[in-house]
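User: I would like a close look at one helix of this model and at what surrounds it. Please take the overall fold as a starting point and then work inward.

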Amino acid sequence: MIGQGLVNVIVSTAFWNGSFLFVSKSTNKSFLNQYPCHVIDDIKNRIISIFHGSILFWLCFYHVVFQNPQYNTAVSSMQEYLVIFSLGYFIYDFASCYYYKLVDTGLIIHHSMALTGYATILYT
């Protein structure tokens with residue numbers, strides 16, 4: 001499980017990196033040119049964050065409404081993939097924020113706790 005789970009996390013992280021590249025290539029350059037580079041990078045990263053939150057919301061909504069998970073049952077494959085999806089996002093986001101120098105103490109604490117929590121869920 002750890003080997004396949006790790007591959008899935010790597011694929012998820014690559015998906016988020018690809019999404020960022022897509023947003024970077026498709027954003028209106030003339031609109032963003034009025035801002036400094038670090039603000040432009042932050043805006044692009046926030047677009048990915050909104051994308052992640054929206055997708056996750058609707059996938060979780062679907063799971064709760066149509067698959068009706070129970071508290072006393074084992075983790076379903078859908079729940080596992082939702083965790084992998086978010087773990088990959090948090091890895092991407094933490095690396096992206098570090099690369100673009102958007103890191104502060106709150107972000108480090110938030111991402112460290114999220115990554116630890118998701119990894120604990122996935123690998124225990």
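Analyst: The protein chain in this predicted model has five helices and zero strands, and from the N terminus on its elements run α-α-α-α-α. Along the principal axes, the C-alpha trace of the protein chain spans about 55 × 30 × 25 Å. Of the 124 residues in the protein chain, 32% are buried.

The helix chosen for the close look is H3, which covers residues 37-67. Just ahead of this helix comes Pro36, whose place is in the loop between helix H2 (29-32) and H3. Pro36 is partly exposed, since its relative accessible area is 42%, a value that lies between the 20% under which a residue counts as buried and the 50% over which a residue counts as exposed. The C-alpha atom of Pro36 is separated by 35 Å from that of Asn8, although the two residues are 28 residues apart along the chain.

Within H3, the pair to look at is Asp42 and Arg46, which both lie in this helix, four residues apart, or about one turn of the helix. Asp42 forms a salt bridge with Arg46, and their closest N and O atoms are 3.0 Å apart; the structure holds one salt bridge, so this pair accounts for it. The two partners fall into separate classes of accessibility: Asp42, with a relative accessible area of 23%, is partly exposed, whereas Arg46, at 53%, is exposed.

Helix H3 also takes part in the largest pocket, to whose lining it gives the most, with five residues. About 200 Å³ of space lies in this pocket, and the elements that give two or more residues to its lining are H3, helix H4 (77-99) and helix H5 (105-123). The lining is made by 13 residues, and those that lie nearest the centre of the pocket are Asn45, Asp93, Cys97, Leu107 and His111. By character, the residues of the lining divide into five nonpolar, five polar and three charged.

Further along the chain, a nonpolar surface patch of about 770 Å² is made by Phe57, Trp58, Phe61, Tyr62, Val64, Val65 and Phe66. Phe57, one of these residues, has its place in H3 and is partly exposed, with a relative accessible area of 47%. Phe57 can be counted in such a patch because its 47% is over the 30% relative accessible area that the patch residues must have.

Beyond the end of H3 comes Asn68, which lies in the loop between H3 and H4. Asn68 has a positive phi of about 45° although it is not a glycine, and at 52% relative accessibility this residue counts as exposed. A second residue with a positive phi is Lys101, where the angle is about 60° although Lys101 is not a glycine either. Lys101 lies in the loop between H4 and H5, and its relative accessibility of 73% makes Lys101 count as exposed.

Taken together, H3 holds the salt bridge between Asp42 and Arg46, gives five residues to the lining of the largest pocket, and is the place of Phe57, one of the residues of the nonpolar surface patch.

How values were computed. Residues are numbered from 1 along each chain as its sequence is written. This is a predicted model: local features need pLDDT of at least 70, side-chain atom pairs count only at pLDDT 80 or more; totals for chains, interfaces and linings use all residues. Side-chain values use heavy atoms; hydrogens and water are left out. Patches are made of residues with over 30% relative accessible area and no salt bridge: like charges are joined within 9 Å, nonpolar side chains (Val, Leu, Ile, Met, Phe, Trp, Tyr) within 5 Å. Accessible areas come from the Shrake-Rupley method with a 1.4 Å probe; for residues, only the protein chains shown count as cover. A salt bridge is a side-chain nitrogen of Lys or Arg within 4 Å of a carboxyl oxygen of Asp or Glu. Buried means under 20% relative accessible area, exposed over 50%, partly exposed in between (1.4 Å probe, protein chains only). On a 1 Å grid over the protein atoms alone, a cavity is a set of points where a 1.4 Å probe fits but cannot get out, and a pocket is an open set with protein on both sides within 12 Å along at least five of seven lines; lining residues have an atom within 4 Å of a point. Grid points are joined across faces, edges and corners, and a volume is the space filled by probe spheres set on the points. Ala, Val, Leu, Ile, Met, Phe, Trp, Tyr, Cys and Pro count as nonpolar, Asp, Glu, Lys and Arg as charged, and the others, Gly among them, as polar.
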